[in-house]
Amino acid sequence: MGVLIEDKTFDGSQCGEYDPDTRTAFIDPTMSMEQLVCTLQHELIHAKHFDDGLRLLSREKEERLTRKETALALINPVEYMHAEDLYGGEPYAMAQELGITVSVLQDYRHWLHDNISAQAA
């Protein structure tokens, strides 16, 4: 993708950021492996959106779309169903099983809920 990835320690308010001017994704190296993987995926999707011209979206819409795409990229539906069955839907255990963060798991669940609601309508 031609994106440079650099370490940057943040103040706890964020885990990473993408700078479209320098095509650089900054990732906080103090995070766990699951956080690093999820954050890197998230920032690379921001880079893809910028390349696709989606920077015309509002910041909130861009972030929602990026979070959804991150969850869809990192979660295999069959593995999700297995983890849900195995852990009775408990988010922390499921996230550990899937090698992702709880927030990515919650984003996936929101997507599932929205999809089911849309199909029922």
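Biologist: Why is W111 called partly exposed?

Modeller: W111 has a relative accessible area of 23%, and the classes are set so that buried means under 20%, exposed means over 50% and partly exposed lies in between, with a 1.4 Å probe and protein chains only. The 23% of W111 falls in between the two limits, and therefore W111 is partly exposed. This is a predicted model, in which local features need pLDDT of at least 70 and side-chain atom pairs count only at pLDDT 80 or more, while totals for chains, interfaces and linings use all residues. Residues are numbered from 1 along each chain as its sequence is written, and side-chain values use heavy atoms, with hydrogens and water left out.

Biologist: Why does Y108 count as buried?

Modeller: The relative accessibility of Y108 is 3%, and this value is under the limit for the buried class, so Y108 counts as buried.

Biologist: How many aromatic pairs are there by the rule, and what makes Y80 and Y108 one of them?

Modeller: The count comes to 2 aromatic pairs. The rule takes the rings of Phe, Tyr and Trp (for Trp, its six-membered ring) as a pair if their centres lie within 6.5 Å, and planes under 30 degrees apart count as stacked, over 60 as edge-to-face and the rest as tilted. Y80 and Y108 lie 4.9 Å apart, centre to centre, with 50 degrees between the planes, so by distance they form a pair and by angle that pair is tilted. The pair links distant parts of the chain, with Y80 in helix α3 (residues 77-87) and Y108 in helix α5 (residues 102-120), 28 residues apart. Both Y80 and Y108 are buried.

Biologist: Why is the pair of Y108 and W111 called tilted?

Modeller: The ring centres of Y108 and W111 are 5.6 Å apart and their planes stand at 40 degrees, so the pair is tilted. Y108 and W111 are 3 residues apart in helix α5, and therefore about one helical turn separates them. Ring pairs thus link Y80, Y108 and W111 into a cluster.

Biologist: What makes the charged end of K8 count as sitting over the ring of F26?

Modeller: A charge sits over a ring if NZ of Lys or CZ of Arg is within 6 Å of the ring centre and within 35 degrees of the ring normal. The charged end of K8 is 5.4 Å from the centre of the F26 ring, over which it sits. F26 belongs to strand β3 (residues 24-27), from which T24 and F26 point one way and A25 and I27 the other way, and all are buried.

Biologist: How do you know that β2 and β3 pair, and in which sense?

Modeller: Two strands pair if DSSP finds at least two bridges between them. Strand β2 (residues 16-19) and β3 have 4 bridges and pair in the antiparallel sense, with Y18 opposite A25 and with T24 as the bridge partner of D19. Strand β1 (residues 4-7) is also joined to β3 by 4 bridges, and these two run parallel; here I5 stands opposite A25. The side chains of β2 alternate, since G16 and Y18 point to one face and are buried, while E17 and D19 point to the other face and are not.

Biologist: What is the sign of phi in R23, and where is R23 placed?

Modeller: Phi of R23 is near 55 degrees, a positive value in a residue other than glycine, and R23 lies in the loop between β2 and β3. That hairpin has 4 residues between the strands. With a relative accessible area of 22%, R23 is partly exposed.

Biologist: Which elements does the chain contain, and how many of each?

Modeller: The chain has 5 helices and 3 strands, where helices (H or I, at least four residues) and strands (E, at least two) are DSSP runs numbered from the N terminus. From that end on, the order is β-β-β-α-α-α-α-α. Of the 121 residues in the chain, 31% are buried. The C-alpha atoms fill a box of roughly 45 × 35 × 25 Å, taken along the principal axes.

Biologist: Why is L72 called partly exposed?

Modeller: L72, found in helix α2, has a relative accessible area of 34%, which is in between the buried and exposed limits, so L72 is partly exposed. The C-alpha atoms of L72 and D85 are separated by 19 Å, with the two residues 13 residues apart along the chain.
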